[in-house]
Number of protein chains: 2
Amino acid sequence: MRIIVVGATGLIGSAIVEALGDRHEIVRVGHRGGPHTVDLADAGSIARMFAPLGRADAVICAAGAARFGPLAALSDDDFRLGLANKLMGQVNLVRLGVESVADGGSFTLTSGVLAQRPMAGSASVSLVNAGLEGFVRAAALELPRGIRINVVSPGWITDTLKALGMDPAGGVSPSVVARAYVRSVEGSETGQVLSP
Amino acid sequence: MRIIVVGATGLIGSAIVEALGDRHEIVRVGHRGGPHTVDLADAGSIARMFAPLGRADAVICAAGAARFGPLAALSDDDFRLGLANKLMGQVNLVRLGVESVADGGSFTLTSGVLAQRPMAGSASVSLVNAGLEGFVRAAALELPRGIRINVVSPGWITDTLKALGMDPAGGVSPSVVARAYVRSVEGSETGQVLSP
């Protein structure tokens with residue numbers, strides 16, 4: 001397969017590229033740098049990203065920003081960032097990318113465990129992640145030509161927990177998370193929230 | 001209790017007012033007309049609504065617009081409407097209303113069954129409803145002074161199903177839906193998605 005990976009240089013994106021790269025052709029897209037870049041918050045940038053890439057069998061997004069912080073301190077702009085970037089950025093990847101995906105191909109987006117298991121500070125992130133999962137369940141019913149769509153809820157990465165000073169015991173490695181993306185791309189599920 | 005009901009004149013709002021009105025003081029807020037009005041899509045309008053109303057023990061929102069339609073036909077503006085009105089409108093009711101709610105009071109918002117059970121045409125509505133549920137789960141962890149927050153997922157109203165030409169057998173009446181709001185206001189739950 002020919003697979004576009006948005007966020008290919010990130011912690012999860014690199015693991016996805018490693019997991020799929022030996023048997024598929026990977027088109028890496030980064031936020032800055034590299035041959036292909038995209039700004040998820042800018043629909044024009046997404047359209048310009050797809051135009052020269054041609055047909056793909058799968059589009060994976062392991063990128064998207066949303067603001068973590070105390071509810072009382074989150075500003076209008078903090079909420080707007082998550083809505084425009086991680087939420088509508090990934091929705092627009094689907095809306096603007098569907099014509100670039102081959103019959104029977106797939107989209108795989110990224111939400112996060114805070115959608116269902118919130119913590120203090122996650123009001124905006126939980127909204128964004130849960131909203132994405134709602135979108136994916138619905139969009140799966142309407143994508144044309146047998147195109148599938150799933151969303152991976154990666155759970156906490158061990159290194160992220162360590163960096164935040166949290167107990168790393170409940171964490172998973174990026175290579176374990178990557179398996180959920182592989183399952184979405186190579187399997188036949190659609191409309192699902194996949195957890196590692 | 002003194003209870004602010006936003007959307008008091010709607011199908012569900014009227015049933016809520018009827019269910020709570022005999023033992024609580026209800027402050028009715030409509031979209032247009034009546035002594036108190038609000039435009040959920042406008043944070044300034046929400047702030048202006050709360051200012052003269054004084055303290056309340058509960059704020060209920062049974063209002064909020066989002067666009068239903070085929071995914072391929074939904075425009076940027078269609079998505080924007082749901083994000084600004086039903087989603088961020090209700091989030092902003094909480095952010096801007098928290099100082100108006102008494103200790104131990106509550107917020108009760110409204111999502112919808114499409115959050116978890118989508119249908120063709122619900123991509124934007126499912127996103128909005130699921131996002132609200134994610135927000136409520138998270139916000140419940142942070143609201144000050146014992147203030148609670150829940151979201152009611154009303155399910156399909158029988159009359160709505162009839163109006164859409166769908167099988168009304170799976171529908172519920174507004175008075176049954178209203179019980180979920182009563183449970184949120186008079187009970188002790190928080191962070192929950194309540195279904196009739």
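In the predicted model, strand β3 (residues 56-61) of chain A pairs with β4(A) in the parallel sense. The pairing extends over 4 bridges. Within it, I60(A) stands opposite T108(A), a residue of β4(A). Strand β4 of chain A spans residues 101-110 and is mostly covered. Of its 10 residues, 8 are buried.

In chain B, 6 strands form an open sheet with parallel pairing. The strand order is β2-β1-β3-β4-β5-β6. The edges are held by β2 (25-29) and β6 (193-194) of chain B. Each of these has a single partner strand, so one side of each is left without a neighbour in the sheet.

At one edge, β2(B) pairs with β1(B) in the parallel sense, over 5 bridges. I3(B) has I26(B) in β2(B) as its bridge partner. Strand β1 (residues 2-6) of chain B is mostly covered, with 4 of its 5 residues buried.

At the other edge, β6(B) runs parallel to strand β5 (residues 148-152) of chain B. The two strands are joined by 2 bridges. V152(B) has L194(B) in β6(B) as its bridge partner. Helix α4 (residues 123-139) of chain B lies across this part of the sheet, over β4 (101-110), β5 and β6 of chain B. The helix runs at about 160° to β5(B).

Elsewhere in chain B, S45(B) is placed in helix α2 (residues 43-50). S45(B) counts as buried because its relative accessibility is 9%, under the 20% cut-off. Beyond its neighbours within four places in sequence, S45(B) is in contact with V38(B) and D39(B).

The largest nonpolar core holds 78 residues. Four of them touch the most other members: F135(A), I149(A), F135(B) and I149(B). The contacts of F135(B) involve both chains. With neighbours within four places in sequence set aside, F135(B) is in contact with L71(A), F79(A), A123(A), S126(A) and L127(A) of chain A. On its own chain, the corresponding contacts are V91(B), V94(B) and I149(B). A second, separate core has 21 residues, among them I12(A), V17(A), A178(A) and V182(A).

The interface between the chains brings 32 residues of chain A into contact with 32 residues of chain B. Together the two chains bury about 2,500 Å². Carbon and sulfur atoms account for 68% of this area. On the chain A side, L71(A), R95(A) and E142(A) supply 24% of the area buried against chain B, more than any other three residues. L71(A) is also one of the contacts of F135(B). Across the interface, 2 salt bridges are found. R95(B) and D76(A) meet through their side chains in a salt bridge, at 2.8 Å from N to O.

Over all chains, the salt bridges number 18. In chain A, E25(A) forms one with R2(A), with the closest N and O atoms 3.2 Å apart. This pair links distant parts of the chain. E25(A) belongs to strand β2 (residues 25-29) and R2(A) to strand β1 (residues 2-6) of chain A, and the two are 23 residues apart. E25(A) has 46% relative accessibility and so counts as partly exposed.

D22(A) and R23(A) also form a salt bridge, and here the closest N and O atoms are 3.1 Å apart. D22(A) counts as exposed because its relative accessibility is 65%, over the 50% cut-off. R23(A), at 43%, counts as partly exposed. Both residues belong to a network of salt bridges that also links E186(A).

In chain B, a salt bridge joins E189(B) to R183(B). Their closest N and O atoms are 2.9 Å apart. E189(B) counts as partly exposed, at 26% relative accessibility. R183(B) likewise counts as partly exposed, at 39%.

Technical notes. Residues are numbered from 1 along each chain as its sequence is written. Chains are lettered from A and ligands numbered from 1 in the order in which they are written. This is a predicted model: local features need pLDDT of at least 70, side-chain atom pairs count only at pLDDT 80 or more; totals for chains, interfaces and linings use all residues. Side-chain values use heavy atoms; hydrogens and water are left out. Two strands pair if DSSP finds at least two bridges between them. Contact means heavy atoms within 4.5 Å. Axes are lines fitted to C-alpha atoms, for helices over the stretch in contact, and angles run from 0 to 180 degrees between N-to-C directions. A nonpolar core is a set of buried Ala, Val, Leu, Ile, Met, Phe, Trp, Tyr and Cys residues joined through side-chain atoms within 4.5 Å. Buried means under 20% relative accessible area, exposed over 50%, partly exposed in between (1.4 Å probe, protein chains only). Buried area is the accessible area (1.4 Å probe) that two parts lose on being put together, summed over both. A salt bridge is a side-chain nitrogen of Lys or Arg within 4 Å of a carboxyl oxygen of Asp or Glu.
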